[in-house]
Amino acid sequence: MSAAAASAATHYFPDISEKSVARAECGPGDLPERGLQGDVSAEDRNSGRTRLGYRCNMAEVGQVRGSGGGIVSATFDHCSYTGSLFPGTNLVPQPGVQVVDVANPRNPRIVGSLTEPAMRGGTWETLKVNEERKLLAATSVPLLWGGGFFSVYDISDCAHPKLLNHGPGTATPLPFTSHEGGFSPDGRTYWASGISPGHLTAIDISNPAAPHVIWQGLHSFVGHGFGITPDGNRMFLSNAAGVTVLDISDVQRRAPYPQVPHEAAYLWPDGQVNQHTIPVTYRGRPHIITVDELGSGGVKFFDVSRVNKPGYVAQIKLEINLPENLDTNLRSSMGGGVFSSNPHYCAVDRRDNPTALACSWESSGIRVFDIQNIKKIKEIGYFNPPAQKNATVVDLPNSPHVLASASGVPAVEFLSLGMSILNGKVRFEEMIGPRTGMLVGGDMATDWCFSPPEWRGNQIWTTCADGGFYAMTLSPRVYTPPPDQDSYLG
């Protein structure tokens, strides 16, 4: 047993803050939210108000809807790649991953598609870019869980990706499972994580034409996304209620018989199914920013200078995520499908001493925060795109929102709502509203934003499930890009 494994400990943080982040101060011409921060009320959904969207210090520059935005998309240079959703992605004239040319952000255009098995099989949360090597890769995930098919592209000419692995991973499946995936910082390894039973795989792509599995293991009951330190030696892997820290240095240095020992685990009571982690530094000290996808856990900051003695530093929650407001959360989100108002993917504007964080916040749109001082984090803007309210599977076959609209129940909040009920923080009368009966058959009275919002100066690029690709601009009144801005999502 390694020293890291022998000394690994589980760290539980029971006293997570239950305060919301300071609200953004909106400017003239904005269309701000009318109630709780992050809330899209039942009345606004029913009246059609949500077709106007909500915006504060942010505005749309350009959009292309296509057939829907999938789940996680990726950007590189002047292009965006739209994640695919199975089987809907196969029902459009250009199946697979859509290539969007954003050379003119006011007029983004779909210029092609990627049609290998991994692209047509649904990329879920696996479509990622490595900027250093100019690579795009994804695995096939038809529904929550998949594997086998894997494609790697050269995106030096971003509007015309070139498939690199014509054999292993495309014509011949590889032995791995996946739900999520991503590159090591140097781009030599693609890591695939299967959501359950915690299966993790390292695929060597030193030669992208011949990818091959070099390590596999079971790390915990549930595995999700991750973040990797810049040296490639440590992974912060999402689990059901926190983060598992793994020593992946043997894989990084290509040891003949690599071992991946546990170094620590961080757990907390609020939020479920951690989504991904962004390793950053503040004044030279290593920190992580980690995102809870479910259960109103928000975004948390930890000092990991000593990985086995972590320090909880800060948290970002919107007002709609606070335990005392989960009754309103349920009232508002009923009839909208399984997801309500939680963060999904975030990106900082630079890895060292980041000044701003942009997050996709499901039904609450894209939220942007000033994080220069993590003791005084504040929201500086948001853009919640207009609802595509009457769209159907015929219009948006690549939208997970359309797929999930068979149910109107926001089931992902039930555990956290139950905890609030037990703690006496819920008013049952506040849970009832004009959409309470929408149990079977939801609508699309809000959009769902899942993809990482990528920084481009004062612009932010992302995709949302129904509205597709958006280029947005953040007011210079609230944000000045640092000279070394470099969008980073871990």
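**Surface patch, salt bridges and disulfides**

Leu-143, Leu-144, Trp-145 and Leu-403 come together as a nonpolar patch on the surface, and their accessible area adds up to about 420 Å². The model is a predicted one, and that goes for everything that follows. Within the patch, Leu-403 belongs to helix H6, which covers residues 400-404. With a relative accessible area of 48%, Leu-403 falls in the partly exposed class, because that class runs from 20% up to 50%.

Next come the charged pairs. Searching the whole structure turns up 19 salt bridges. One of them pairs Glu-33 with Arg-367, and here the closest N and O atoms sit 2.5 Å apart. Glu-33 is found in the loop between strand E1 (9-12) and helix H2 (42-47), while Arg-367 is part of strand E28 (residues 366-370), so this pair ties together parts of the chain that are 334 residues apart in sequence. As for accessibility, Glu-33 and Arg-367 are both buried.

Another salt bridge brings the side chains of Asp-270 and Lys-317 together, at 2.9 Å from N to O. Asp-270 comes from the loop between strand E21 (262-267) and strand E22 (272-282), and Lys-317 from the loop between strand E25 (311-316) and helix H5 (326-333), so parts 47 residues apart in sequence are tied together by this pair. Asp-270 has a relative accessible area of 9% and is therefore buried, given that buried means under 20%. Lys-317 is buried as well, with a value of 2%.

Lys-300 and Asp-292 make a further salt bridge, with 2.8 Å between the closest N and O atoms. Lys-300 counts as buried at 0% relative accessibility, and Asp-292 is buried with a relative accessible area of 1%. These pairs also show up in a bigger picture: Glu-18, Asp-270, Asp-292, Lys-300 and Lys-317 are linked in a network of salt bridges. Put side by side, the network includes Asp-270 and Lys-317, whose side chains meet directly, along with Lys-300 and Asp-292, which are bridged to each other.

A look at one loop residue adds some local detail. Thr-50 is placed in the loop between H2 and strand E2 (54-56). Its relative accessible area is 2%, so Thr-50 is buried. Leaving aside residues up to four places away in sequence, Thr-50 touches Val-40, Asp-44, Arg-45, Pro-385, Pro-386, Ala-387, Ala-445 and Thr-446.

Then there are the cysteines. The structure holds 4 disulfides. Counting bonded cysteines along the protein chain, the pairing pattern reads 1-2, 3-4, 5-6, 7-8.

One of these disulfides joins Cys-26 to Cys-56, with an S to S distance of 2.1 Å. The torsion about the S-S bond of this pair is about -115°, so the disulfide is left-handed. The link runs between distant parts of the chain, as Cys-26 is in the loop between E1 and H2 and Cys-56 is in strand E2, 30 residues apart. The loop that holds Cys-26 is also the one that holds Glu-33. How buried or exposed are the two ends? Cys-26 counts as partly exposed at 33% relative accessibility, whereas Cys-56 is buried with 0%.

Cys-79 and Cys-158 are joined by another disulfide, again listed with S to S 2.1 Å. The angle about the S-S bond of Cys-79 and Cys-158 is 60°, and the link is right-handed. This pair, too, links distant parts of the chain: Cys-79 lies in strand E5 (residues 79-82) and Cys-158 in the loop between strand E11 (150-154) and strand E12 (162-163), a separation of 79 residues. Both Cys-79 and Cys-158 are buried.

A disulfide also connects Cys-346 and Cys-359, at S to S 2.1 Å. The link of Cys-346 and Cys-359 is right-handed, with 110° about the S-S bond. Here the distant parts being linked are strand E26 (residues 346-348), home to Cys-346, and strand E27 (residues 356-360), home to Cys-359, with the two cysteines 13 residues apart. Cys-346 and Cys-359 are buried.

Terms used
Residues numbered from 1 in each chain as written. Predicted model: local features only at pLDDT ≥ 70, side-chain atom pairs only at ≥ 80, totals over all residues. Heavy atoms only, no water. Patch = residues over 30% accessible without salt bridge, like charges linked within 9 Å, V, L, I, M, F, W, Y side chains within 5 Å. Areas by Shrake-Rupley, 256 points an atom, 1.4 Å probe, with all protein chains shown as cover. Salt bridge = Lys/Arg side-chain N within 4 Å of Asp/Glu carboxyl O. Helix = DSSP H or I, 4+ residues; strand = E, 2+ residues; numbered from the N terminus. Buried < 20%, exposed > 50% of the residue type's maximum accessible area, 1.4 Å probe, protein only. Contact = heavy atoms within 4.5 Å. Disulfide = S-S within 2.5 Å.
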